[in-house]
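Please open the model in your viewer and keep a selection prompt at hand. The stops below go from single residues to helix pairs, and then to the domains and the cores.

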Amino acid sequence: MDYEFLSPDTVAHYIRQRPELDGVINADLIDTVEEVGDGNLNLVFIIGDSAGNSVVLKQALPYVRLVGPEWPMTPQRAAKEANALSTHGRLVPELVPNTYFYDESRFIIGMEDLSEFRVWRGAMIDGLRHEGVAKDMGRYVAHVAFGTSILSVDAEKHKELVATAINPELSKITEDLVFTEPHDDIGRNEVLPANEADANEHAADSHMIDAMGEAKWMFMTKAEALIHGDLHTGSVMVRALSGDEGPAESRAFDSEFAFYGPVAFDLGALWANYTLSSARWTALGRDDLASWSLSLVDETWQSFEATFRALYPQRIDSRVWKDGTLDYLLEHWREETWLFAAAKMSRRIVGLAKVKDIETLEPSHREGAARGILRLARQVAQERKRTSDPQRFIELAGSILTENKTG
Ligand code: SR1
Ligand code: MG
């Protein structure tokens with residue numbers, strides 16, 4: 001696919017051509033252009049002018065940046081992200097970056113600069129506690145679940161929206177990397193030599209394989225809501241209200257994996273990444289931070305449930321969707337969250353696209369953290385049928401991560 005990529009030399013000219021950026025940034029006064037894309041897929045520029053204004057231009061490359069041009073990837077994913085950002089932004093404007101335009105010929109999204117924020121994963125790795133973010137994320141998922149599902153969208157319209165939001169190439173990445181490859185390595189998996197046996201045990205565990213089969217089935221068939229699709233802690237920006245930590249505001253961004261999928265997939269991604277953070281701090285002997293990271297599991301769930309319960313009375317059709325359905329949905333989502341959390345934490349240990357929380361640990365510490373996560377994932381996948389209480393998840397994670405600590 002042929003289109004021009006943005007570069008520091010061309011952004012001013014590009015900005016001049018976008019009327020939507022009039023009043024946002026002055027192309028004649030641009031004095032800083034920084035490429036900051038540290039994700040796996042895109043180019044991201046932050047552009048500032050001498051009057052103190054700034055904007056972000058995010059451009060989808062026609063391949064997976066993490067791997068290179070040998071893994072082509074449709075840049076149409078930018079349209080999916082633009083759609084998710086604007087849809088989610090209408091539901092919870094305070095938790096989503098503002099977008100100015102989407103350029104469908106060059107796959108560029110112009111959006112609010114969040115330079116005063118930082119990526120939550122990085123902040124967590126630095127040992128900083130941003131309070132209230134896990135609660136915000138529960139609220140974000142609940143608004144998306146309610147506001148983009150048939151509970152608030154006309155049934156016929158909903159079917160159209162589901163069809164236009166399909167995101168087959170990006171969904172396939174998840175189908176392969178999250179659910180399949182941890183159990184069927186096609187040459188992209190890698191672990192420390194000390195964790196080879198753990199990865200092999202994990203790959204061959206028939207209970208885990210069945211659980212991942214169930215999870216993948218749900219992911220590919222349950223078109224409940226326009227989910228974010230990749231809601232890990234690297235997809236959340238945070239800013240402390242004062243100083244470096246403490247009460248904070250947050251934004252969910254980078255929703256290029258969005259499609260109509262299972263609500264619990266986003267919740268599971270959050271839980272998994274809180275747990276990976278906890279594994280880091282357990283390995284480093286910082287039990288205070290390890291417990292704090294795990295406490296976010298319950299914070300997100302409680303906020304999700306309370307928000308969803310509060311929105312439910314506004315449903316557009318209450319003929320058979322009574323309180324029984326509300327309880328049914330929450331009960332199922334809670335169990336599914338366990339399952340998706342198991343999938344999302346173990347893929348970050350064995351498969352492609354790992355996380356810095358674990359990868360920046362010295363091998364002597366990483367060994368136990370990786371083993372703990374894999375054992376926890378298998379236990380979680382089994383136990384979810386008996387209980388899906390988030391407190392039990394926290395207890396299980398705390399004890400399994402501690403038992404497997406090394407170094
Ligand atoms: C090839 S993309 C790898 C991963 O990066 C994204 O953040 C998603 O999690 C995806 O699975
Ligand atoms: Mg991303």
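Select Asp-254, which is buried in this predicted model, with a relative accessible area of 15%. To find Asp-254 along the chain, look in the loop that runs between strand S12 (246-252) and strand S13 (259-261). If you display backbone torsions, Asp-254 shows a positive phi of about 65°, although this residue is not a glycine.

Next, select Phe-107, another non-glycine residue whose phi is positive, here at about 55°. Phe-107 sits in the loop between strand S6 (99-103) and strand S7 (108-111). Is Phe-107 buried or exposed? With a relative accessible area of 5%, Phe-107 counts as buried, because the cut-off for that word is under 20%.

Move on to His-143, which belongs to helix H4 (residues 133-147). The relative accessible area of His-143 is 19%, so this residue is still classed as buried, the limit being under 20%. Show the surroundings of His-143 and, once neighbours within four places in sequence are set aside, you will find Leu-91, Val-92, Thr-148, Thr-307 and Leu-311 in contact with this side of the tour's third residue, His-143.

Now turn to helix pairs, beginning with H11 (residues 323-350) and H13 (residues 363-383). Their axes lie 9 Å apart and the two helices pack at an angle of about 155°, which means that H11 runs roughly antiparallel to H13, angles over 145 degrees being counted in that way. The crossing of H11 and H13 is left-handed. To see the contact itself, display Trp-338, Ala-342, Met-345, Ser-346, Ile-349 and Val-350 on the H11 side, together with residues of H13 that include Ala-370, Ile-373, Leu-374, Ala-377 and Val-380.

For a second pair, select helix H9 (residues 263-283) and helix H14 (residues 390-403), whose axes come within 10 Å and cross at roughly 30°. This crossing, of H9 and H14, is right-handed. Which residues of H9 meet H14? They are Trp-271, Thr-275, Ser-278, Ala-279 and Thr-282, and they face Pro-390, Phe-393, Ala-397, Leu-401 and Thr-402 in H14.

Then colour the chain by its division into domain 1 (11-111) and domain 2 (118-403). The centres of the two domains, taken over C-alpha atoms, are separated by 26 Å. Where domain 1 and domain 2 come into contact, 24 residues of domain 1 and 31 residues of domain 2 take part.

Finally, select the largest nonpolar core, which holds 93 residues and in which Trp-120, Tyr-140, Phe-304 and Phe-308 touch the most other members. Helix H11, already visited as a partner of H13, gives the most to this core, with 13 residues. Both domain 1 and domain 2 are represented in the core, each with at least three residues.

Within that selection, centre the view on Trp-120 and, leaving out residues up to four places away in sequence, pick out what Trp-120 touches: His-130, Val-133, Ala-134, Thr-233, Val-236, Val-238, Tyr-274, Trp-292 and Leu-296. Apart from the largest core lies another one, of 16 residues, and Tyr-14, Ala-27, Leu-43 and Val-55 are among them.

Notes:
Residues are numbered from 1 along each chain as its sequence is written. Chains are lettered from A and ligands numbered from 1 in the order in which they are written. This is a predicted model: local features need pLDDT of at least 70, side-chain atom pairs count only at pLDDT 80 or more; totals for chains, interfaces and linings use all residues. Side-chain values use heavy atoms; hydrogens and water are left out. A nonpolar core is a set of buried Ala, Val, Leu, Ile, Met, Phe, Trp, Tyr and Cys residues joined through side-chain atoms within 4.5 Å. Buried means under 20% relative accessible area, exposed over 50%, partly exposed in between (1.4 Å probe, protein chains only). Helices (H or I, at least four residues) and strands (E, at least two) are DSSP runs, numbered from the N terminus. Domain bounds come from an automatic or database domain assignment. Contact means heavy atoms within 4.5 Å. Axes are lines fitted to C-alpha atoms, for helices over the stretch in contact, and angles run from 0 to 180 degrees between N-to-C directions. Angles under 35 degrees count as roughly parallel, over 145 as roughly antiparallel, 65 to 115 as roughly perpendicular and the rest as oblique. A crossing is left-handed if the near helix is turned anticlockwise from the far one by less than a right angle, and right-handed if clockwise.
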